[in-house]
Amino acid sequence: DTTDTHNYQISIQPLESETPFPSTDEHVVKGARVYETSQAALLLTSLVPGTRYRIIVREQMLDTAGKGLSDGQFGIDCEPLIVETISPMEVLAADIGENQSLLT
């Protein structure tokens, strides 16, 4: 059944103009963090604020019966997605009253 969930390989790597991941990080392969999952969503953590990343997804190849190949072969890369984490936001309490607060 080709509707069965199968694996995806997700790689995330800072752009060349950004600070690379430390080589001691888990899952780092040729400068990218690489994950495999069969879940519909993946939370990527430990990213640096204000940094641009390239994300690439590859789907596990299927055999003629629609099952993932046992040797874990993955298809070609999808179109790279470039994302940027936002810089931390500073919130100041300009005025604090008994039942209100003005934040700037």
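The charged end of Arg33 sits over the ring of Phe21, 3.8 Å from the ring centre. Let us start from that spot and work outwards through this predicted model.

**Exercise 1. Explore the surroundings of Arg33.**

Task: Find the salt-bridge partner of Arg33, and decide whether Arg33 is buried or exposed.

Solution:
- Step 1. Begin with the ring: the charged end of Arg33 is placed over Phe21.
- Step 2. Now look for a carboxylate. Arg33 forms a salt bridge with Asp25, and the closest N and O atoms are 2.6 Å apart.
- Step 3. Check the accessibility of Arg33. Its relative value is 7%, and buried means under 20%, so Arg33 counts as buried.
- Step 4. Do likewise for Asp25. With 22% relative accessibility, Asp25 counts as partly exposed.
- Step 5. Add the backbone view: Arg33 is the bridge partner of Val28, and it belongs to strand 3.

**Exercise 2. Classify a pair of rings.**

Task: Work out how many aromatic pairs there are, and which geometry the rings of Phe21 and Tyr53 have.

Solution:
- Step 1. Count first: there is one aromatic pair.
- Step 2. The ring centres of Phe21 and Tyr53 are 5.9 Å apart, with an angle of 20° between the planes. Planes under 30 degrees apart count as stacked, so this pair is stacked.
- Step 3. Place the two residues along the chain. Phe21 is in the loop between strand 1 and strand 2, whereas Tyr53 is in strand 4; they are 32 residues apart, and the pair links distant parts of the chain.
- Step 4. Finish with accessibility. Phe21 counts as buried at 10%, and Tyr53 counts as buried at 1%.

**Exercise 3. Follow the salt bridges to strand 4.**

Task: State how many salt bridges the structure holds, then describe the ones made by Arg54 and Arg52.

Solution:
- Step 1. The structure holds four salt bridges.
- Step 2. One of them joins Glu16 and Arg54, whose closest N and O atoms are 3.5 Å apart. Glu16 lies in the loop between strand 1 and strand 2 and Arg54 lies in strand 4 (residues 52-59), so this pair ties together parts that are 38 residues apart in sequence.
- Step 3. Compare accessibility with the cut-offs. Glu16 is exposed, with a relative accessible area of 67%, while Arg54 has 22% and is partly exposed.
- Step 4. Turn to Arg52, which forms a salt bridge with Glu18; here the closest N and O atoms are 3.1 Å apart. This pair also links distant parts of the chain: Arg52 is in strand 4 and Glu18 is in the loop between strand 1 and strand 2, 34 residues apart.
- Step 5. At 31% relative accessibility, Arg52 is partly exposed.

**Exercise 4. Trace the partners of strand 3.**

Task: In which sense does strand 3 pair with strand 1 and with strand 2?

Solution:
- Step 1. Strand 1 (residues 8-14) and strand 3 (residues 32-37) are joined over five bridges, in the antiparallel sense. Within strand 3, Glu36 stands opposite Gln9.
- Step 2. Strand 2 (residues 28-29) also pairs with strand 3 in the antiparallel sense, over two bridges.
- Step 3. Look at the turn. The hairpin of strand 2 and strand 3 has two residues between the strands, and Lys30 in this hairpin takes a positive phi near 50°.

**Exercise 5. Look at positive phi values.**

Task: Say where Lys30 and Ser46 lie, and what is notable about phi in Lys30 and Ser46.

Solution:
- Step 1. Recall the background: most residues other than glycine have a negative phi.
- Step 2. Lys30, in the loop between strand 2 and strand 3, has a positive phi although it is not glycine. Lys30 counts as exposed, at 80% relative accessibility.
- Step 3. Ser46 lies in the loop between strand 3 and strand 4. Its phi is positive too, about 60°, and Ser46 is not a glycine. At 59% relative accessibility, Ser46 counts as exposed.

**Exercise 6. Step back to the whole chain.**

Task: Describe the make-up of the protein chain and what share of its residues is buried.

Solution:
- Step 1. The chain has zero helices and seven strands, giving the pattern β-β-β-β-β-β-β.
- Step 2. Of its 104 residues, 19% count as buried.
- Step 3. The chain exposes about 7800 Å², with carbon and sulfur atoms supplying 53% of that area.
- Step 4. Among contacts between residues at least 6 apart in sequence, 56% join residues at least 24 apart.

Notes:
Residues are numbered from 1 along each chain as its sequence is written. This is a predicted model: local features need pLDDT of at least 70, side-chain atom pairs count only at pLDDT 80 or more; totals for chains, interfaces and linings use all residues. Side-chain values use heavy atoms; hydrogens and water are left out. Two strands pair if DSSP finds at least two bridges between them. Helices (H or I, at least four residues) and strands (E, at least two) are DSSP runs, numbered from the N terminus. A salt bridge is a side-chain nitrogen of Lys or Arg within 4 Å of a carboxyl oxygen of Asp or Glu. Buried means under 20% relative accessible area, exposed over 50%, partly exposed in between (1.4 Å probe, protein chains only). Rings of Phe, Tyr and Trp (its six-membered ring) pair if their centres lie within 6.5 Å; planes under 30 degrees apart count as stacked, over 60 as edge-to-face and the rest as tilted. A charge sits over a ring if NZ of Lys or CZ of Arg is within 6 Å of the ring centre and within 35 degrees of the ring normal. Contact means heavy atoms within 4.5 Å. Accessible areas come from the Shrake-Rupley method with a 1.4 Å probe; for residues, only the protein chains shown count as cover.
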